Amino acid sequence: MQPARLLTIVTAAAIASVFAAEGWSLADGYRDARACLNALPALEESGQLVVGSLTRSDDLPGVFEIGYRVTEGFGSWPGRLRCAFGDGPDNRRHLLGVEFGGQPIGEARLYFLERFWLGDPAAIRSGEARLKSEIPPLSFLAAMIGRPHPSLIGALLCALLALAALATGRLSGKRRQV
């Protein structure tokens, strides 16, 4: 096999494996971000909720923070919700902790939130009626992705260098005739 062809195959395989792994992480990020948004109406029981920001923690990739505003007939006030997600003993994603109003909620409330609110599509739909999102699509995407894993950056750099070497080899030399 020609070295150029082998380099192309190895590069394509490396890029595909990195994107497959990061795609899985992206799916978890989307699911976690949506679950945190869906939990907000259950915790903030009255008023209209206007979500202004959604961010993912740089230090803890499974933690999302929502900045929002509650509006009622007599005024409005800001709020903050933080949700922590992770894999449970059953290898499924779970809500591991919630900080609401600067205080963590108790384990019993957390259990009921995940089991009876987030597990019930009708409850989520009723909460979405009070929830208005002003998060730009690119900000939501950035929160889903979070900080890229160092292995992703390294693999992409290696793939780019390999492609550059392949391209310069093809562009600088003449083709050999067999």
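**Figure 1. Salt bridge between Glu99 and Arg80.** In this predicted model, the side chains of Glu99 and Arg80 form a salt bridge, with N and O 2.8 Å apart. Glu99 belongs to strand β4 and Arg80 to strand β3, so the contact ties together parts separated by 19 residues in sequence. Glu99 is partly exposed, with a relative accessibility of 23%. Arg80 also counts as partly exposed, at 31%.

**Figure 2. Salt bridge between Arg80 and Glu65.** Arg80 meets the side chain of Glu65 in a salt bridge with an N to O distance of 3.6 Å. This pair links distant parts of the chain, Arg80 being in strand β3 and Glu65 in strand β2 (residues 63-72), 15 residues apart. The relative accessibility of Glu65 is 26%, so Glu65 is classed as partly exposed. Arg80 thus has a salt-bridge partner in Glu65 and another in Glu99.

**Figure 3. Pairing of strands β2 and β3.** The two strands run antiparallel and are paired over 10 bridges. A hairpin of two residues connects β2 to β3. Within the pairing, Glu65 stands opposite Arg82 of β3, whereas the salt bridge of Glu65 shown in Figure 2 is made with Arg80.

**Figure 4. Pairing of strands β3 and β4.** Seven bridges pair β3 with β4, again in the antiparallel sense. Five residues lie between the two strands of this hairpin, and Asn91 in the turn has a positive phi of about 60°. Arg82 has Glu99 as its bridge partner in β4. Arg82 also stands opposite Glu65 on the β2 side. The side chain of Glu99 forms its salt bridge with Arg80.

**Figure 5. Salt bridge between Asp32 and Arg93.** The closest N and O atoms of Asp32 and Arg93 are 2.4 Å apart, and the two residues form a salt bridge. Asp32 is part of helix α1 and Arg93 of strand β4 (residues 93-100), so the contact ties together parts 61 residues apart in sequence. Asp32 has a relative accessible area of 0% and is therefore buried. Arg93 is buried as well, because its relative accessible area of 19% falls under the 20% limit.

**Figure 6. Salt-bridge network around Asp32 and Arg93.** The structure contains nine salt bridges. Through shared partners, salt bridges join Arg31, Asp32, Asp87 and Arg93 into one network. The bridge between Asp32 and Arg93 shown in Figure 5 connects helix α1 with strand β4.

**Figure 7. Disulfide between Cys36 and Cys83.** The structure has one disulfide. The bond joins Cys36 to Cys83, with an S to S distance of 2.2 Å. The link between Cys36 and Cys83 is right-handed, with 80° about the S-S bond. Cys36 is located in helix α1 (residues 3-43) and Cys83 in strand β3 (residues 75-87), so the disulfide ties together parts that are 47 residues apart in sequence. Cys36 is buried, at 0% relative accessibility. Cys83 is likewise buried, with a relative accessibility of 0%.

Technical notes: Residues numbered from 1 in each chain as written. Predicted model: local features only at pLDDT ≥ 70, side-chain atom pairs only at ≥ 80, totals over all residues. Heavy atoms only, no water. Disulfide = S-S within 2.5 Å. Helix = DSSP H or I, 4+ residues; strand = E, 2+ residues; numbered from the N terminus. Buried < 20%, exposed > 50% of the residue type's maximum accessible area, 1.4 Å probe, protein only. Salt bridge = Lys/Arg side-chain N within 4 Å of Asp/Glu carboxyl O. Pairing = 2+ DSSP bridges.
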